[in-house]
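Welcome! Here is a short guided look at a protein chain for someone meeting it for the first time. Take a moment with the sequence and the structure before reading on.

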Amino acid sequence: MTSGMTAGLHPAASPAADWRAPFQGRVASVVLVGALVFNAALCFLNTAGVPVTGGTVMGAEVAIIAVTLGFALDERPGPWLVLAGLVTYGLLLVTLRGNADVKGIRDFLIPVVFYCLGTRSPSLRDADRAVLASGVIVVVMGVFEYGLFDVYQQYFNIVRYYVARGSMSAAEISELTGSLFTSGIRPDSRAILPFLGPHRVSSVFLEPVSAGNFGAVLFAWALYRRTMRGRTWLFLCAAVTIILADARFGAYVCVAIAGAMLVGYRLPRLLWFALPFTILLALAVYGFESVQTSWQNDMAGRLLWAALLITSLPPEGVWGIMPDKMFLSDSGYAYTLTQLGVAGALVAWGLFVLMPARNPDGWRLRCAMAIYLCLLLVISDSPYSIKTAALAWFMMGAADGVEPETGRLAEA
């Protein structure tokens, strides 16, 4: 049943004439760039004196998703059925919670619409250009932030923007970081190239964690596309982004991505399906068995904190129907349970892993991104952020959507 439904996510072998086809590549580039830079644009406006609120940010996301939806879906019933089922389930959770938090619905929408947009990409070369353009934008903005920091601060006051949108309180503003996000300064020794200083570059993402994650996403596509024009430049964009952000975890994930793409893709799909739930179980056991209550900002400390957040969830939190909101940004697995519920997580991950790959080579990239998601969810809920998720899901759709013969022609 699942295979039959998800097979419809791939483009038909002989699609009917579609007025959107001539604009597909350009629209995809526009929405991907929009998802990448809209937060930086709103930060610029807020710094310039144009008031920005949480509603403004939500409205921008809705607009981007709506345009993407218009070019992602066609007459195929599969995507519509999947989307309708996930949204209906999300609305059920919202009703059972008794509040108006619809972030879980957004978390369902972003993967489906951007994945389907990728499956409708005219060619892998169009996808190459979109990914490389995104990487160049991130690097150019990052170099500007690092090299001309005093000028950058005049136009981008990140802390003021996050306070305006309601993501931070004025009490959280630190003299150490100034106008940067709270993690924009490394208080201890920088891990990657210490001579660069404590400043962790955020680029268009406004906070360095997403910048590091995005570097890993760029690395995955560069590794996957062996005959891509500009492949060396994309590797360079990935490296510069991770280095400037001093993203230790992003560097570790790149190693895991390489392993998944070179060897791990040979593992059975059932093992990939079990991977995140095995990690979740291990963290839960660690949280219940550990006698430590304090943690430090290193890898061991982040694992402990993630485990403690998971084990602090009440039963209704595990099922996604907890009415009270908790701060769970440091544990993506805990966030997933509270927003999607264990049932929704099982279904969503099952659709992702068990969905047939039209292009067998695309399975390699899907495995790489699966390890990216599973590892990143240990310490962050950032895989759900449209800033990085839009391009990641588009890439997977483009890799899955192209037929093997078409893929070889595109790479020729």
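Is Glu207 buried or exposed? Glu207 is buried, with a relative accessible area of 10%. Here buried means under 20% relative accessible area, exposed over 50%, and partly exposed in between, with a 1.4 Å probe and protein chains only.

A word on the source: this is a predicted model, in which local features need pLDDT of at least 70 and side-chain atom pairs count only at pLDDT 80 or more, while totals for chains, interfaces and linings use all residues. Residues are numbered from 1 along each chain as its sequence is written, and side-chain values use heavy atoms, with hydrogens and water left out.

## The chain as a whole

The protein chain has 18 helices and zero strands. Helices (H or I, at least four residues) and strands (E, at least two) are DSSP runs, numbered from the N terminus. With a radius of gyration of 21 Å, close to the 22 Å that the globule rule gives for 412 residues, the chain is as compact as a globular protein of that length. That radius is taken over C-alpha atoms, and the rule is 2.2 Å times the number of residues to the power 0.38. Along its principal axes, the C-alpha trace spans about 60 × 50 × 45 Å.

Of the 412 residues, 54% count as buried. Among contacts between residues at least 6 apart in sequence, 75% join residues at least 24 apart; contact means heavy atoms within 4.5 Å. The accessible surface comes to about 17,600 Å², and 69% of it belongs to carbon and sulfur atoms. These areas come from the Shrake-Rupley method with a 1.4 Å probe, and for residues only the protein chains shown count as cover.

## Charges and salt bridges

The chain carries 28 positive and 26 negative side chains, and the centres of the two sets lie 7 Å apart. Lys and Arg count as positive and Asp and Glu as negative, leaving out His and the chain ends; the place of a charge is NZ of Lys, CZ of Arg, CG of Asp or CD of Glu.

The structure holds 10 salt bridges. A salt bridge is a side-chain nitrogen of Lys or Arg within 4 Å of a carboxyl oxygen of Asp or Glu. Three of them are set out here:

| Pair | Closest N to O |
|---|---|
| Asp74 and Arg76 | 2.8 Å |
| Asp126 and Arg129 | 2.2 Å |
| Lys387 and Glu207 | 3.1 Å |

The Lys387 and Glu207 pair links distant parts of the chain, 180 residues apart: Lys387 is in helix 17 (residues 386-401), while Glu207 is in the loop between helix 8 (158-164) and helix 9 (208-224). Lys387, at 7% relative accessibility, counts as buried. Elsewhere, Glu61, Arg106 and Asp107 are joined into one network by salt bridges that share partners.

Asp74 and Arg76 are both buried. Asp126 and Arg129 both lie in helix 6 (residues 124-147), three residues apart, about one turn of the helix. Arg129 counts as exposed, at 51% relative accessibility.

## Some places to visit

The loop between helix 8 and helix 9 also holds Ser183 and Leu193. Ser183 is buried, with a relative accessible area of 18%, and it touches Arg200 and Pro208, not counting residues up to four places away in sequence. Leu193 counts as partly exposed at 34% relative accessibility, and its phi is near 55°, a positive value in a residue other than glycine.

Asp246 has a positive phi as well, near 50°. It is found in the loop between helix 10 (231-244) and helix 11 (248-262), and is buried, with a relative accessible area of 0%.

What does Ser331 contact, leaving aside its neighbours within four places in sequence? Its partners are Ala306, Leu309, Ile310, Leu377, Val378, Ile379 and Ser380. Ser331 sits in the loop between helix 14 (315-318) and helix 15 (332-354) and counts as buried at 0% relative accessibility.

Finally, Gln24 lies in helix 2 (residues 24-47) and counts as buried, at 3% relative accessibility. Gln24 and Pro122 are 98 residues apart in sequence, yet 7.1 Å apart in space, C-alpha to C-alpha. Not counting residues up to four places away in sequence, Gln24 touches Phe71, Leu117, Arg120 and Pro122.
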